[in-house]
Amino acid sequence: MSGEFNPVSRGHEYSHKYDEVDAICQNIRNQTSYQPTIGVICGSGLSSLGDLVTEKTVIPYEKIPQFPRSTVPGHQGQLVFGRLNGTTVVMMQGRTHLYEGYDPGQITLPVRVMVHLGIKHLVVTNAAGGLRQDWNVGDIMVIKDHINLAGLTGLSPLRGCNDSRFGLRFPALSDAYNKDLQKLALETASELGFADFTRTGVYCAQVGPCFETPAECRFLQNAGVDAVGMSTVHEVSVARHAGVTVLGISLITNIAVLGYGDNEQPANHDEVLETGRRRASDMQKLVSTILQKLN
């Protein structure tokens with residue numbers, strides 16, 4: 001019948017095709033024999049987490065078909081497979097973002113691939129601006145919930161055809177960040193002597209690349225947001241769609257500007273990277289100890 005609707009014409013848009021993900025995984029398996037059970041995403045300035053991995057196999061993104069390339073300073077752009085405190089892991093040293101010109105499906109493809117390779121837990125780290133004026137640069141925030149601004153306006157990585165082999169059509173995100181993993185992270189931080197600078201809070205992602213205006217910061221603060229960045233939420237959505245449990249950790253690299261005084265210091269990416277370098281050792285200890293306990 002002429003003009004009849006064809007559901008195939010909808011396409012996958014931002015979601016992923018099962019056969020393509022499977023082919024990418026076959027390519028990776030040809031480059032490493034590791035079968036990781038935990039995935040870690042290293043945020044801005046936090047790539048040193050990959051230095052903890054031993055007996056490693058490193059695969060640059062350019063050697064993986066369809067993988068998006070990192071273009072931002074502080075993101076190396078490679079998968080690191082190996083052992084960390086007795087656990088077989090895969091680490092993303094560098095992620096991609098919407099502001100680089102990628103769509104939600106492209107920036108979450110690596111998560112879909114890690115899930116297909118067999119991970120059961122995903123640890124997501126990021127650098128974020130703190131909206132709480134009683135917090136300090138260098139604080140560590142265990143994420144308890146998020147607001148996905150782009151997702152609320154239609155830029156969801158699950159938009160398009162859904163393949164039930166990946167997950168449900170309508171996944172719930174009320175438990176996006178696993179409560180047991182949050183508790184484990186907080187207990188571990190306390191054991192390591194990090195309790196004084198470890199927080200819990202709500203993370204919000206905007207598209208970027210501009211840092212937020214004071215009015216936007218006040219808007220987000222009134223919405224219950226504790227820290228704001230430009231990543232993480234799409235990756236978490238895909239991981240939860242696949243049934244993988246998630247732990248999210250933000251490193252507070254600057255305190256947001258809320259007013260218009262002459263002494264207000266605007267955020268900048270160099271500050272983000274420098275804070276990552278200064279807190280790298282503590283983040284390494286925290287993440288590696290959590291992974292050991294998970295194992």
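## Exercises: rings and binding-site residues

In this predicted model, the count of aromatic pairs comes to three.

**Exercise 1.** Take the pair formed by Tyr 18 and Phe 166, and work out which parts of the chain it ties together.

*Solution.* Start with the geometry: the ring centres of Tyr 18 and Phe 166 are 5.4 Å apart and the planes make an angle of 40°, a tilted pair. Next, place each residue. Tyr 18 belongs to helix H1 (residues 18–29), while Phe 166 sits in the loop between helix H3 (149–152) and helix H4 (179–191), so the pair links parts that are 148 residues apart in sequence. Now check accessibility. Tyr 18 has a relative accessible area of 21%, so it goes down as partly exposed; Phe 166, at 10%, counts as buried.

**Exercise 2.** Find which charged ends sit over the rings of Phe 166 and Tyr 18.

*Solution.* Look at Phe 166 to begin with: the charged end of Arg 112 sits over its ring, 4.4 Å from the centre. Then turn to Tyr 18, where the charged end of Arg 165 sits over the ring at 3.9 Å from the centre.

**Exercise 3.** Work out whether Glu 212 and Asn 254, which UniProt annotates as "binding site" in an unreviewed entry, gather at one spot or lie scattered.

*Solution.* Begin with the distances. The two span 43 residues in sequence, but no two of their C-alpha atoms are more than 11.8 Å apart, so they do gather at one spot. Then check the pocket: both Glu 212 and Asn 254 are in the lining of the second largest one.

Now go residue by residue. Glu 212 is in the loop between strand E7 (198–205) and helix H5 (214–222), and its 17% relative accessibility makes it buried. Skipping neighbours within four places in sequence, Glu 212 touches Gln 206, Cys 217 and Val 228. With Gln 206 there's a side-chain to side-chain polar contact of 2.7 Å. Asn 254, for its part, is in strand E9 (residues 245–255) and is buried too, at 7%.

**Exercise 4.** UniProt (unreviewed entry) also places "binding site" at Ser 44, His 75, Arg 95, Thr 96, His 97, Ala 127 and Ser 231. Identify which of these line the largest cavity, then locate His 97 and Ala 127.

*Solution.* From this set, the cavity lining includes Arg 95, Thr 96, His 97 and Ser 231. His 97 is in the loop between strand E4 (87–93) and helix H2 (104–117) and is buried, at 4% relative accessible area. Ala 127 is part of strand E5 (residues 121–130); at 16%, Ala 127 is buried as well.

Terms used:
Residues numbered from 1 in each chain as written. Predicted model: local features only at pLDDT ≥ 70, side-chain atom pairs only at ≥ 80, totals over all residues. Heavy atoms only, no water. UniProt positions renumbered as here; feature names shortened; annotations may be inferred. 1 Å grid on protein atoms, 1.4 Å probe; cavity = no way out; pocket = protein on both sides within 12 Å on 5 of 7 lines; lining within 4 Å. Helix = DSSP H or I, 4+ residues; strand = E, 2+ residues; numbered from the N terminus. Buried < 20%, exposed > 50% of the residue type's maximum accessible area, 1.4 Å probe, protein only. Contact = heavy atoms within 4.5 Å. Polar contact = N/O pair within 3.5 Å; in protein donor to acceptor, adjacent residues only side chain to side chain. Phe/Tyr/Trp six-rings, centres within 6.5 Å; stacked < 30°, edge-to-face > 60°. Lys NZ or Arg CZ within 6 Å of the ring centre and 35° of its normal.
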